Amino acid sequence: MKRRTLLGMLASLPLVQSLPAHAATQVQVYKNPSCGCCGAWVDHLKAAGFAVRVTETDDAGSVRKRLGMPERLASCHTAVVEGYALEGHVPAADVKRLLALKPPAVGLAVPGMPVGSPGMEYGDRKDPYEVILVDRKGRDTVFARYPQPPAGDRKRL
């Protein structure tokens with residue numbers, strides 16, 4: 001009986017090896033049903049390997065408030081990833097860096113809808129913008145700047 005079990009396990013090894021090493025990180029997005037740029041940001045996250053669930057709502061402000069994201073940093077959609085709030089067009093690379101660093105924070109925000117941020121592409125135009133890290137006391141610091149400054153000038157978390 002033990003030999004049969006061992007042979008069965010060995011036969012199933014190719015199946016186990018073909019499974020993904022880990023599941024994609026889940027992002028829950030709350031967006032207005034008529035907003036096209038929010039959908040483009042969702043596509044940006046998916047292309048970066050995130051698993052995204054979308055809930056359409058006419059009141060993303062209440063979600064933002066519940067998560068502790070200050071209204072002064074509001075944008076057109078709010079998301080949650082591993083307990084962090086994401087407000088607006090936050091680049092996927094910064095979401096990944098946030099999850100790697102795991103700072104004690106509410107989350108990240110890109111206030112407004114800056115042209116050139118993910119989902120807000122408009123030809124070659126790229127307006128400068130900042131990704132803001134909001135700590136648990138509501139204070140904010142710059143987490144990233146776009147376009148990226150030269151390597152020697154970078155002062156990031």
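Modeller: Let's start with a term: a salt bridge is a side-chain nitrogen of Lys or Arg within 4 Å of a carboxyl oxygen of Asp or Glu. With that in hand, Arg64, Glu71 and Glu87 form a network of salt bridges in this predicted model.

Colleague: What makes the pair Arg64 and Glu71 a salt bridge?

Modeller: Their side chains meet at 3.3 Å, N to O. The cut-off is 4 Å, so the pair qualifies.

Colleague: And Arg64 itself, why does that residue count as buried?

Modeller: Its relative accessibility is 6%. Buried means under 20%, so Arg64 goes in that class.

Colleague: How do you know which class Glu71 belongs to?

Modeller: Its relative accessible area is 53%. Exposed starts over 50%, so Glu71 is called exposed.

Colleague: How many salt bridges does the structure hold?

Modeller: Eight. In general, side chains of opposite charge can pair when their charged atoms come close.

Colleague: What makes Lys102 and Glu82 one of those pairs?

Modeller: The closest N and O atoms are 3.3 Å apart, and the limit is 4 Å, so the name fits. Lys102 sits in the loop between helix 4 and strand 5, and Glu82 in the loop between strand 3 and strand 4, so parts 20 residues apart in sequence are tied together. Glu82 is partly exposed, at 48%.

Colleague: Why say that Glu130 and Arg145 tie parts of the chain together?

Modeller: First the bridge: the closest N and O atoms of Glu130 and Arg145 are 3.1 Å apart. Glu130 is in strand 6 and Arg145 is in strand 7, so the link joins parts 15 residues apart in sequence.

Colleague: Why are Glu130 and Arg145 called partly exposed?

Modeller: Glu130 has a relative accessible area of 33%, and Arg145 comes in at 36%. Partly exposed lies between the 20% and 50% marks, so both residues fit.

Colleague: Now the inside. Which residues of the largest nonpolar core touch the most other members?

Modeller: Val27, Phe50, Leu86, Leu108 and Val131, out of 25 residues in that core. At least two residues each come from strand 1 (26–31), helix 2 (36–47), strand 3 (77–81), strand 4 (84–88), helix 4 (92–101), strand 5 (105–110), strand 6 (129–135) and strand 7 (140–146). Helix 4 gives the most, with four residues.

Colleague: What does Leu108 touch, leaving out residues up to four places away in sequence?

Modeller: Quite a list: among its partners are Met69, Ala85, Leu86, Val95, Leu98, Val131, Leu133 and Phe143. Apart from the largest core lies another one, of seven residues, including Met69, Ala85, Ile132 and Val134.

Colleague: How do you know how the span of helix 2 sits against the expected one?

Modeller: Helix 2 has twelve residues and reaches 17 Å from its first C-alpha to its last. At 1.5 Å a residue you'd expect 16 Å, and the model's value is close to that.

Colleague: Why can you speak of a buried side of helix 2?

Modeller: The buried residues of helix 2 are Cys37, Cys38, Trp41, Val42 and Leu45. They cover an arc of only 150° around the axis, so they sit on the same side of helix 2. The face turned away from that side carries the exposed residues Gly36 and Ala47. As a general rule, an α-helix has 3.6 residues a turn, so residues three or four places apart point the same way.

Colleague: What covers the buried residues of helix 2?

Modeller: The cover includes strand 1, strand 2 (51–56), strand 3, strand 4 and helix 4. Just after helix 2, Gly49 takes a positive phi of about 100°.

Colleague: Why can you speak of a buried side of helix 3?

Modeller: In helix 3 (residues 60–67), Ala60, Val63 and Arg64 are buried. Their arc around the axis is only 100°, so they share one side of helix 3. Lys65 and Arg66 are exposed, on the face turned away. Among the elements covering the buried residues of helix 3 are strand 1, strand 3 and strand 4. Gly68 follows helix 3, with a positive phi near 90°.

Colleague: Which pattern does the whole chain follow?

Modeller: Along the sequence you read α-β-α-β-α-β-β-α-β-β-β, which comes to four helices and seven strands. Of the 157 residues, 39% count as buried.

Technical notes:
Residues are numbered from 1 along each chain as its sequence is written. This is a predicted model: local features need pLDDT of at least 70, side-chain atom pairs count only at pLDDT 80 or more; totals for chains, interfaces and linings use all residues. Side-chain values use heavy atoms; hydrogens and water are left out. A nonpolar core is a set of buried Ala, Val, Leu, Ile, Met, Phe, Trp, Tyr and Cys residues joined through side-chain atoms within 4.5 Å. Buried means under 20% relative accessible area, exposed over 50%, partly exposed in between (1.4 Å probe, protein chains only). Contact means heavy atoms within 4.5 Å. The expected span of a helix is 1.5 Å times one less than its number of residues. The arc is that of the directions from the helix axis to the C-beta atoms.
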